[in-house]
Amino acid sequence: MNLQSGTYYWPTTLPDAPAYPSLQADTECDVAIIGGGSSAAQCAYYLAEQGLKTVVLEKGRIGGGSTSTNTAIIQYSGEKMFTSLAHTFGESYIADHIKLLKQAIDDIEAASLLVETDCEFRRRDTLYSASCPEDVDRLRSEYEFIKRHGAEVDFWLKDKIEAHYPFSREAAIYSYRDGELNPYKFTHALFQYAANRGVMVYEQSEMNGHHYDRGLQRMMISTKNGYNVQARYVIFAAGYDNMDIRKEKQASFVSTYTVTTQPVTDFSTWHNRTLLWETARPYIYIRTTADDRVIIGGLDENTIYPDDRNSKLIHKTSLLLQEFNLRFPDIPVESAYSCAAFYGGMVDGLPIIGKYEEYPNSYFLLAYGDNGTVYSQLLSKIIIQEITEGYSPYMERYLQDRPLLTT
C-alpha cells in the first residue's frame, strides 16, 4: 500500500536509529510478529518478559511506515463521540472502553519511563471545542457522559476560553492528563527493550507467503530473502499494510495532511500547550513537540488514490498554516516538514482485533482511528494476555464480530 509521501519530521529526531539484520536462516518460534511499526513494537514490549521465543519480521526499516507520520496525540476521546458509541454498543460497554483507554495511556507512560531512550512522553491537557454553536449541546452531553464515567474533565464556556486563549469558541471540553509522544523514538525504544530480552528483530525481511500447516499446527511464513519461519502464533501488526494480507470490511480510509513547523520561540499565548481539536468534520488538530515545534494536521479528503492525495499537499500545507494563524495570530510559524498520508478508521468507531477462521492461531491488530497509538497499546496487551494465559476477558469486545447493542 502506498501509505504516504512528503517530508517526515520524526525520523530526524533519531538520526542514528538502531539497525537490525535481515533474516538469514530458517527458524521456529512461539510468536511471529509481522510488522515493524509502533503496533508491532508494543506487542514485542509485552512479549519481552514472557519467556516465549519471538521473531519480528519487518519488510523495510523499523519505524519506516506510518509511524513516521503518526502525530501521536495521546488521548482517550476519539473522532466518534462516546455518547454515539454508547448508542451502538451500550453504556456499560463504552464505560469499560473508556477505562481501558485511560489504562492504556498509563501503560504508554510506564513503558516510556522503563526504556532507555527519552520518548518525549509528556502529559498534556486537551481543549476539545465546539466548532459552531450548533455543536454545543452534543458537546455538553459528551462531557456529562465521560464525567459520569470517571474522566477528569471540565466544561468551559466562551468567557473562560477567551480568558485562556487568543481565539473564541462557544464551549469546550477541557480534559486533564492526556499526552503527547515521539512515536518514532517510542517504537525504536520498545524494540530495543525487547531485543535486549531475547526478541529477535529482523529488518529487510518481507513476508511473501504464508499458510497454516494443520499437521504441525504452525503458521508457515516465507520471506522474500528465501527463508522460512514456523510459528505457533502470528500477530499481524503491519498497520495499514494488514489490508494487503487480509481485508477487514469495517476498515475505511481517507487521506490526511500534516505540517510540522520550524521551532517556535514563544508559546505564552498558548495555555499549557494543550492539545487542540474540535467537533468539525473534517477537523483540525494541533500539538507541540519537545523541541518547540507545532504539528498541525487534518483537512482530510475522501480519496484513496495516492496521486490525487499527493497533488493536494502544497495547497493543504498552506491551509493548515492559515488555520493555525487564525487561532494564534501572535505565533508566527513556518513549515519545515509536510506530508500526505492515508488514515484509516473503523465504521463502528472501535478498533479491531481480527481473528479469522482461515488464519488459525493468528491475530490481526487493527488499531485504526485517531487514537492509534493508544488503541495499539490496548489491543496488544489483550492479544498477549490471550497468548500467554489462554484467555483475555476483553478479547470479545474488540473482535471484528463484537456484539452490538440489542436492547
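**Figure 1. Thr13 sits in the loop between strand 1 (4–6) and strand 2 (27–34).** This view, like the others, shows a predicted model. Thr13 has a relative accessible area of 18%. Buried means under 20%, so Thr13 counts as buried. A polar atom of the Thr13 side chain lies 2.6 Å from the backbone oxygen of Trp10. Leaving aside neighbours within four places in sequence, Thr13 is in contact with Asn182 and Lys185. Those two residues lead to the next view.

**Figure 2. Asn182 caps the N-terminal end of helix 6.** A side-chain oxygen of Asn182 lies 3.1 Å from the backbone nitrogen of Tyr184. Asn182 also touches the loop described above, through its contact with Thr13. Lys185 is in contact with Thr13 as well. Lys185 is one of the buried residues of helix 6.

**Figure 3. Helix 6 runs from residue 183 to residue 195.** Does its length fit the count of residues, and what span should we expect? At 1.5 Å a residue, the 13 residues should span 18 Å. The end C-alpha atoms are 18 Å apart, so the model agrees with the expected span.

**Figure 4. Helix 6 is mostly covered.** How many of its 13 residues are buried? The count is eleven. Among them are the aromatic-ringed Phe186, Phe191, Tyr184 and Tyr193. Pro183, Thr187, His188, Ala189, Leu190 and Ala194 are buried too. What do the buried residues of helix 6 pack against? Their partners are helix 1 (38–47), helix 3 (91–114), helix 10 (372–389), strand 3 (54–57) and strand 8 (200–202).

**Figure 5. The largest cavity holds about 80 Å³ of space.** The structure has three cavities of 30 Å³ or more. Lining residues of the largest one include Thr7, Tyr8, Tyr9 and Trp10. Ser68, Thr69 and Thr71 also line the largest cavity, as do Thr258, Thr260, Ile295, Tyr337 and Cys339. Strand 12 (251–261) and strand 16 (335–346) are the elements that give two or more residues to this lining. By class, the lining has six nonpolar residues, six polar residues and no charged ones. Trp10 links this view to Figure 1: Trp10 lines the largest cavity, and its backbone oxygen lies 2.6 Å from a polar side-chain atom of Thr13.

**Figure 6. The second largest cavity holds about 70 Å³ of space.** Its lining includes Leu127, Ser129, Phe167 and Arg169. Leu276, Trp277, Glu278, Ile284, Ile286 and Arg327 line the second largest cavity too. Strand 5 (122–129), strand 13 (275–278) and strand 14 (284–288) each give two or more residues. Which strand gives the most? Strand 13 does, with three residues. The lining divides into six nonpolar, one polar and three charged residues.

**Figure 7. The second largest pocket holds about 440 Å³ of space.** Of the 28 residues that line this pocket, Glu79, Ser252, Tyr343, Gly345 and Met346 are the closest to its centre. Helix 2 (82–89), strand 12, strand 15 (294–301) and strand 16 each supply at least two lining residues. Strand 16 supplies the largest share, four residues. By class, the lining has 14 nonpolar, eight polar and six charged residues. Strand 12 and strand 16 appear in Figure 5 as well, where they line the largest cavity.

Definitions and conventions
Residues numbered from 1 in each chain as written. Heavy atoms only, no water. Expected span 1.5 Å × (residues − 1). Buried < 20%, exposed > 50% of the residue type's maximum accessible area, 1.4 Å probe, protein only. Contact = heavy atoms within 4.5 Å. Polar contact = N/O pair within 3.5 Å; in protein donor to acceptor, adjacent residues only side chain to side chain. 1 Å grid on protein atoms, 1.4 Å probe; cavity = no way out; pocket = protein on both sides within 12 Å on 5 of 7 lines; lining within 4 Å. Points joined across faces, edges and corners; volume = space filled by probe spheres on them. Nonpolar A, V, L, I, M, F, W, Y, C, P; charged D, E, K, R; others polar.
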